[in-house]
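Please open the structure in your viewer and keep the selection panel at hand. The stops below say what to select next and what is there.

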Amino acid sequence: MSRIPLASLQAFVRIARTRNLSRAAEQQHLTVSALSHQMRALEERLGRRLLQRGPRGVTLTSDGAALLDAVGAHFDGIEHALRNLSPRREDALTLSMLPSFASSWLLPRLPRFVAQHPQLEINLQSGAGLVDFERDAVDAALRYGPGQWPGVLAEHLFDEWVSPVASPGLLRRLGKPRLAELGRWPLLGDPNARWKDWFEQFGGEAPRRYVASFSDSETLQRAALEGLGVALIRLTMARPFIDAGQLVLLTRERLPSAWAHYLVYPPRSAQHPAVQALRTWLLAEAQAYRASETMPAPKRARRPTKR
């Protein structure tokens, strides 16, 4: 058998991983028709069916899955080697972050960074997944987590707290609850089950049931904005809505989170001028934010009285 063109194998890997001809064609800078022709030629050359095309996308045959296992890692190695050898622009920065953090904290402040560094080109990528700096073309990331990730540098920006919030409309209907009465209000279940910690720390009885429970913080916050119930929300996320009068902070008491916000980057970015400019600016902004969010220390959990 004559040697198979590497471009055909690379195109196959793209299709196998995206399971979408249009997306793979875009990544290969080809038309869908040209990519389909390339795949048919590859299948004819191998004498095997590699792909099954259906209304919901592309699936692999058993032969296609075996080929992907055999060649996929090699293409990853080639792309990684070429990426590391490619010259990096000192005036460009690709930053990854959670969508909620981008909208609630970074974007309102970003014009100040742009004004200080007009020469920098900033590429923002939002997503919930962790960045693979070895594979992804990302210089740094803003992450909410434990602060310990293998193979990267993590610099603490600020801690996080949760506190109950409600919409003004809900408070107009029901009045503002006292802290001890909170368990009798319509509460929204949070994805991290922090209400249990809240009642243990500040007293009161947890409800027998929640009005609704949510698997992610953004939908939980949206439900609170719509007046569905009281939500226990991260203050960094809620602050813009509190300042705008769309949410009301029910108490100045708050629970500390076990996680915090960090600037994360690989060792290769440590000397990158754009990353260092971002780092200096972020640390200053985080310090100012910590000062503005200074609140009374949280109460300690009540201990039972000895008898």
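Select H5 and H9 together: in this predicted model the two helices pack at an angle of about 45°, with their axes 8 Å apart. H5 is therefore oblique to H9. The crossing in which H5 passes H9 is left-handed. To see the contact itself, show side chains for Ser100, Phe101, Ser104 and Trp105 on H5, and for Thr236, Met237 and Pro240 on H9. Sorted by class, the contact of H5 with H9 consists of 4 nonpolar and 3 polar residues, with no charged residues.

Stay on H9, which covers residues 235-243, and colour Leu235, Thr236, Met237, Ala238, Arg239 and Ile242; these residues of H9 are buried. Thr236 and Met237 thus appear among the buried residues and also in the contact with H5. Move just past the end of H9 to Gly245, where phi is positive, at about 80°.

Return to H5 and select Arg109 together with Glu285. Where in the chain do these two residues sit? They form a salt bridge, with 3.8 Å between the closest N and O atoms. Arg109 belongs to helix H5 (residues 99-116) and Glu285 to helix H10 (residues 273-292), so the salt bridge links distant parts of the chain, 176 residues apart. Both ends can be checked for accessibility: Arg109 is buried at a relative accessible area of 16%, and Glu285 is buried at 11%.

Next, select Arg178 and Glu181. This pair also forms a salt bridge, and its closest N and O atoms are 3.1 Å apart. Arg178 is exposed, its relative accessible area being 58%, whereas Glu181 counts as partly exposed at 22%. Now add Arg112 to the earlier selection: salt bridges with shared partners join Arg109, Arg112 and Glu285 into one network.

Go on to Arg234 and Glu160. The closest N and O atoms of this salt bridge are 3.9 Å apart. Arg234 is in strand S9 (residues 231-234) and Glu160 in strand S6 (residues 153-166), so the pair ties together parts of the chain that lie 74 residues apart in sequence. Buried or exposed: which word fits Arg234? Arg234 counts as buried, at 13% relative accessibility. Glu160 is buried too, at 2% relative accessibility. The salt bridges visited here belong to a total of 11 in the structure.

Select Leu120, in the loop between H5 and strand S4 (121-126). Leu120 counts as buried because its relative accessibility is 14%, and the cut-off for buried is under 20%. Which residues does Leu120 touch, leaving aside those up to four places away in sequence? They are Glu90, Asp91, Phe113, Ala274 and Ala277. A distance to draw here runs from Leu120 to Ala92: their C-alpha atoms are separated by 5.5 Å, although the residues are 28 apart along the chain.

Now move to the N-terminal helices and select H1 (residues 6-18) and H2 (residues 21-28). Their axes come within 8 Å and cross at roughly 135°. H1 and H2 are therefore oblique to each other. Their crossing is right-handed. Show side chains on both sides of the contact: Ala7, Gln10, Ala11, Arg14, Ile15 and Thr18 in H1 meet Leu21, Arg23, Ala24, Gln27 and Gln28 in H2. By class, 5 nonpolar, 4 polar and 2 charged residues make up this contact of H1 with H2.

For the last stop, select Leu30, in the loop between H2 and helix H3 (32-46). Leu30 counts as partly exposed, at 34% relative accessibility. Leaving aside residues up to four places away in sequence, Leu30 touches Ala25, Leu35 and Gln38. Then draw a distance from Leu30 back to Ala11, one of the H1 residues that meet H2. The C-alpha atoms of Leu30 and Ala11 are separated by 9.7 Å, and the two residues are 19 apart along the chain.

Key. Residues are numbered from 1 along each chain as its sequence is written. This is a predicted model: local features need pLDDT of at least 70, side-chain atom pairs count only at pLDDT 80 or more; totals for chains, interfaces and linings use all residues. Side-chain values use heavy atoms; hydrogens and water are left out. A salt bridge is a side-chain nitrogen of Lys or Arg within 4 Å of a carboxyl oxygen of Asp or Glu. Helices (H or I, at least four residues) and strands (E, at least two) are DSSP runs, numbered from the N terminus. Buried means under 20% relative accessible area, exposed over 50%, partly exposed in between (1.4 Å probe, protein chains only). Axes are lines fitted to C-alpha atoms, for helices over the stretch in contact, and angles run from 0 to 180 degrees between N-to-C directions. Angles under 35 degrees count as roughly parallel, over 145 as roughly antiparallel, 65 to 115 as roughly perpendicular and the rest as oblique. A crossing is left-handed if the near helix is turned anticlockwise from the far one by less than a right angle, and right-handed if clockwise. Contact means heavy atoms within 4.5 Å. Ala, Val, Leu, Ile, Met, Phe, Trp, Tyr, Cys and Pro count as nonpolar, Asp, Glu, Lys and Arg as charged, and the others, Gly among them, as polar.
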